[in-house]
Amino acid sequence: LLTGKKRLPGFSGKWEVKTLYEVTDCLDHLRVPLKEEQRAKMKGSYPYCGANGIIDYIDRYLIDDDIILIAEDGGHFEEYMTRPIAYRISGKCWVNNHAHILKAKENICQDFIFYSLVHKNILEYLSGGTRPKLTKSELYKITINIPEDIPEQKAIAQILSDMDAEI
């Protein structure tokens, strides 16, 4: 479904290869790291997010939105087939400096972007040795296949979301 090779009934529009630069905005300017000692004094109910998920819960938030997070460093990039390399947060949260923050551009389905990234092989975009890093400039070069029609993007994302819920 995410390649355009299998089509849903009723859809026949064109698919394109787009970079994340073309279909998302990177909101890394909203990231603020907190040390463990700082978080210990801020215990609360808002997720504090890092490279691979929620690290802690604190009493403040910086973001109140539906966002996609993908590790900048410390990610499980090589395990992309069995372990997610991207995750979603919806609502109030705080994100540290180890995860890139993505938001779909207008007229692009956020959920479709997420499903296109969650198990994507991005190894060719990484730099560094023992601790691979996904820089913002390389993040923007990552390509996905995407249908032109938003209704098709939404329909595919809904099917995948329903499957996730069932699993």
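## Aromatic pairs and a loop asparagine

At 17% relative accessibility, Y140 falls under the 20% cut-off, so this tyrosine counts as buried. Keep in mind that the model is predicted. Y21 goes the other way: its relative accessibility is 51%, and because exposed means over 50%, Y21 counts as exposed.

Now for the rings themselves. A pair of aromatic rings is described by the distance of the centres and the angle of the planes. The count here comes to four aromatic pairs. One of them joins W15 and F112, with 6.0 Å centre to centre and 70° between the planes, which makes the pair edge-to-face. Along the chain these two sit 97 residues apart, with W15 in strand β1 (residues 15–19) and F112 in helix α3 (residues 110–117), so the pair links distant parts of the chain. Both W15 and F112 are buried.

Back to our two tyrosines: Y21 and Y140 also form an edge-to-face aromatic pair, at 4.9 Å centre to centre and 85° between the planes. This pair, too, links distant parts of the chain, 119 residues apart: Y21 belongs to helix α1 (residues 20–23), while Y140 lies in the loop between α4 (136–139) and β8 (143–147). Y21 has a charge to deal with as well, since the charged end of K105 sits over the Y21 ring, 5.3 Å from its centre.

Last stop, N97, in the loop between β6 (86–95) and β7 (99–104). With a relative accessible area of 31%, N97 is partly exposed. Leaving aside residues up to four places away in sequence, N97 touches R31, P33 and E72. From the C-alpha atom of N97 to that of G128, 31 residues apart along the chain, the separation is 17 Å.

How values were computed
Residues numbered from 1 in each chain as written. Predicted model: local features only at pLDDT ≥ 70, side-chain atom pairs only at ≥ 80, totals over all residues. Heavy atoms only, no water. Phe/Tyr/Trp six-rings, centres within 6.5 Å; stacked < 30°, edge-to-face > 60°. Helix = DSSP H or I, 4+ residues; strand = E, 2+ residues; numbered from the N terminus. Buried < 20%, exposed > 50% of the residue type's maximum accessible area, 1.4 Å probe, protein only. Lys NZ or Arg CZ within 6 Å of the ring centre and 35° of its normal. Contact = heavy atoms within 4.5 Å.
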